[in-house]
Structure formats: C-alpha cells, structure tokens
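Trainee: Please take a close look at one part of this model, the sheet. Start with how far the prediction can be trusted.

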Amino acid sequence: MKVARIYLLLHVILTASVLVNTFDPITTTVVVGIGATLGRTIYKYFKESCNPQWIAFNATGLQKDLDSKLFGQHIASRIVLKAVNGFMNNDNPKKPLVLSLHGWTGTGKNFVSKLIAENIYKEGMDSSFVHVFTSELHFPHASEIETYKSQLQQWIKGNVTNCAHSMFIFDEMDKMHPGLIDSIKPYLDYYDKLDGVSYRKAMFIFLSNAGGESIIQTALDFWRDGRDRNEIELHDLETALSLSVFNNKKSGLWHTSLIDKNLVDFFVPFLPLEYKHVVQCAMAEMEARGFDPDKDVADQVAKDVIYFPKTERVFSVKGCKTIESKLDYYI
Ligand SMILES: Nc1ncnc2c1ncn2[C@@H]1O[C@H](COP(=O)(O)OP(=O)(O)OP(=O)(O)O)[C@@H](O)[C@H]1O
Ligand SMILES: [Mg+2]
C-alpha cells in the first residue's frame with residue numbers, strides 16, 4: 001500500500017516536471033504553483049490524521065476477527081466486543097474506556113489489542129494514535145519514577161489533545177510501579193475535562209499475567225469434571241480472579257485504588273490454551289504465510305509443545321506464543 005502511494009507521488013512529480021520543461025516562464029510559475037498545491041493536498045490525503053478517514057470503528061470487522069482469528073477465548077471475545085461496541089457507538093462517553101486483560105502467557109492478550117486497533121484505526125498498530133508502553137522497557141528504573149510520571153502524563157495529555165480517539169496500551173501492567181499507575185488515574189476517571197482537555201474518548205488497555213493462575217485453576221477444575229470449556233462463564237472466574245489479583249500484595253496494579261474507584265470498566269480473563277488451540281494457531285500461521293494449511297504439520301507442531309500439569313498435560317505452557325518460530329522447523 002505504502003509502495004503504491006510512493007509510486008503515485010513520484011508519477012505526479014515527474015509528470016509535473018516534464019510539463020514545466022515544455023512551457024514558458026509564466027506558465028512554468030503557474031504549473032509549479034499548481035504542483036505545490038497538489039503536492040500538499042496529496043501529502044495531506046496520505047498522511048494519517050485524526051479524522052474519520054483514518055479512524056472509523058468497524059464493528060462487523062471486529063466481530064469477524066474475534067470469531068475467526070481468536071481461538072479458545074469465548075469469554076474474552078464476548079466482553080471485548082460488547083465493551084468496544086458500546087464505547088465506540090456512544091458519541092458522548094462519560095469516561096474513557098478502560099479494559100484490563102488478564103491471563104497466562106501466550107493466550108492472546110496482545111493479539112486482541114491488535115485486533116481492536118486494526119478495527120478502529122486504518123493503520124492498526126502502526127497508527128500514530130496508538131501508543132504502547134511496556135513497563136520494563138519504558139519505565140525500567142524505580143529511581144526514575146518521578147521523571148517517568150511527568151513524562152507519561154505529558155505524553156498522554158499531548159496525544160489526547162492532538163486526537164481524542166487515542167489508544168494507550170500498557171503491557172506488563174503487573175510489573176508497573178504503583179506510583180506510575182497512580183499518576184495516570186486522573187485520566188481514567190469521570191472528569192468532564194482536566195486542564196481543558198477531555199479524555200473521555202480515549203481508550204486504555206492494560207495487559208497482565210495477574211490472575212492467570214486462578215483462571216487456570218478454574219479451567220482445570222472444569223476439565224477434571226469433564227465439563228466443556230465453553231461452559232465456563234465470567235462469574236466462574238470472577239471470585240478467584242478478584243481474590244488472587246486484588247489481594248496480591250506484590251502486584252503494583254492492585255496497590256492503587258484503580259479498582260476501588262471502579263476506573264476499570266471491564267476485566268477480561270484469558271483462558272489457558274489446549275492442544276486443539278495450538279493446532280489452530282499453527283494452521284492460521286501457515287495460512288498467514290501463504291501456505292495451504294496442513295493438519296499433519298499442525299499436529300506435529302502441537303505435539304512438540306509442552307503441556308501442564310505434568311500428569312494430565314492439558315494446557316500449553318507458552319500458549320500459542322512460540323508457534324510462529326516453531327513452524328520454521330516443519331515447513
Ligand atoms: N487465543 C489465541 N488465538 C489465536 N492466536 C493466538 C492466541 N493466543 C496467542 N496467539 C498467537 O500467539 C501470539 C502471541 O500471543 P500474545 O502476544 O497475544 O500473548 P499474550 O497473552 O500477550 O502473552 P504474554 O502474557 O506472554 O505477553 C499472537 O501473536 C498470536 O499469533
Ligand atoms: Mg503480551
């Protein structure tokens with residue numbers, strides 16, 4: 001797409017210069033003037049801006065993506081769709097949308113954030129209105145916390161001032177310093193405006209492994225009872241999740257009053273993935289690479305993955321995380 005744009009631009013410039021060479025000075029000035037205006041228009045047309053040409057929610061697209069690309073996450077899928085639909089279809093939200101995604105490694109938390117971004121921003125995760133922070137990468141030193149706080153606040157303010165429909169993804173939220181979480185709290189709240197800026201159309205997505213083990217325990221209980229995984233409902237996870245997450249003294253997220261103040265709108269649990277989901281991930285990856293998905297190859301990949309608990313081997317230790325690189329050995 002980008003290459004096509006560059007070709008088009010080059011073509012316009014070359015055509016303009018050929019024209020310029022064939023005319024007298026006055027015509028040349030006019031042609032150059034038109035060329036410059038045209039150039040600016042083209043530039044503006046192709047440069048991502050904060051308007052419906054670049055930011056438009058595609059509800060059916062999100063539903064389709066969640067149904068066909070996300071495996072084994074019936075609860076997360078339902079909550080995300082409901083939450084994002086409700087928020088994006090509301091012209092006057094009372095607060096920004098705050099989602100907190102929880103679960104074991106490799107179960108699709110970053111993947112879902114990407115699907116949401118792709119169905120709102122034309123440029124998806126490459127959009128200049130989507131911002132990703134990773135605790136250990138962006139805020140590595142506890143001693144720098146005061147600097148990080150003011151930088152983060154300025155960053156959020158600057159970006160929301162520039163575009164109300166900004167999206168902020170905080171990865172490894174459970175490793176984030178409590179003070180830093182406290183510093184973003186005002187932006188998540190029900191304020192009409194803060195310093196003249198309204199944050200109510202922004203979206204915040206927190207990703208963490210917090211609560212992952214309690215989600216696994218529930219999934220395992222269902223499996224041991226011979227019950228279908230799809231029967232697991234949000235309320236089956238809520239109690240365990242709240243006990244393990246909200247009372248976990250080690251977790252930065254829960255030292256703050258983010259939860260007491262109801263600033264998180266939706267807690268989204270991600271279930272651990274089973275053998276059949278790993279097969280699905282391998283099939284999807286083959287398709288993404290332009291191969292005909294081969295079930296035998298996918299089975300091979302899934303057989304070489306490690307599962308837990310040791311005795312029953314039900315859930316993939318790394319979810320679908322290493323499938324992409326593993327596939328290189330098989331095709
Ligand atoms: N439920 C799923 N459905 C389809 N693909 C998945 C799923 N979970 C993971 N994947 C695949 O595995 C890759 C890694 O998953 P992702 O980065 O979303 O995991 P995560 O939940 O963020 O893990 P971590 O907690 O380790 O950060 C994704 O890019 C996607 O290709
Ligand atoms: Mg992740």
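Mentor: The chain averages a pLDDT of 88, pLDDT being the predictor's confidence in each residue, from 0 to 100. Of the residues, 87% score at least 70. Over residues 6–10 the pLDDT is below 50, and beyond near neighbours in sequence this stretch has 1 contact in the model (C-beta atoms, placed from the backbone, within 7 Å). Residues 16–20 also stay under 50, with 6 contacts beyond four places in sequence.

This is a predicted model: local features need pLDDT of at least 70, side-chain atom pairs count only at pLDDT 80 or more, and totals for chains, interfaces and linings use all residues. Residues are numbered from 1 along each chain as its sequence is written, while chains are lettered from A and ligands numbered from 1 in the order in which they are written.

Now the sheet. The chain holds 14 helices and 7 strands, taken as DSSP runs numbered from the N terminus (helices H or I, at least four residues; strands E, at least two). An open sheet contains 5 strands in the order E2-E3-E4-E1-E5, and its pairing is parallel (two strands pair if DSSP finds at least two bridges between them). Strand E2 (130–134) and strand E5 (266–270) are the edges; each pairs on one side only. On average, neighbouring strands of this sheet are turned by 15° against each other, direction ignored (axes are lines fitted to C-alpha atoms).

Look at the E5 side. Strand E1 (residues 97–103) pairs with E5 in the parallel sense over 5 bridges. His-102 stands opposite Pro-269 in E5.

Note on methods
Two residues are in contact if their C-beta atoms, placed from the backbone, lie within 7 Å. Axes are lines fitted to C-alpha atoms, for helices over the stretch in contact, and angles run from 0 to 180 degrees between N-to-C directions.
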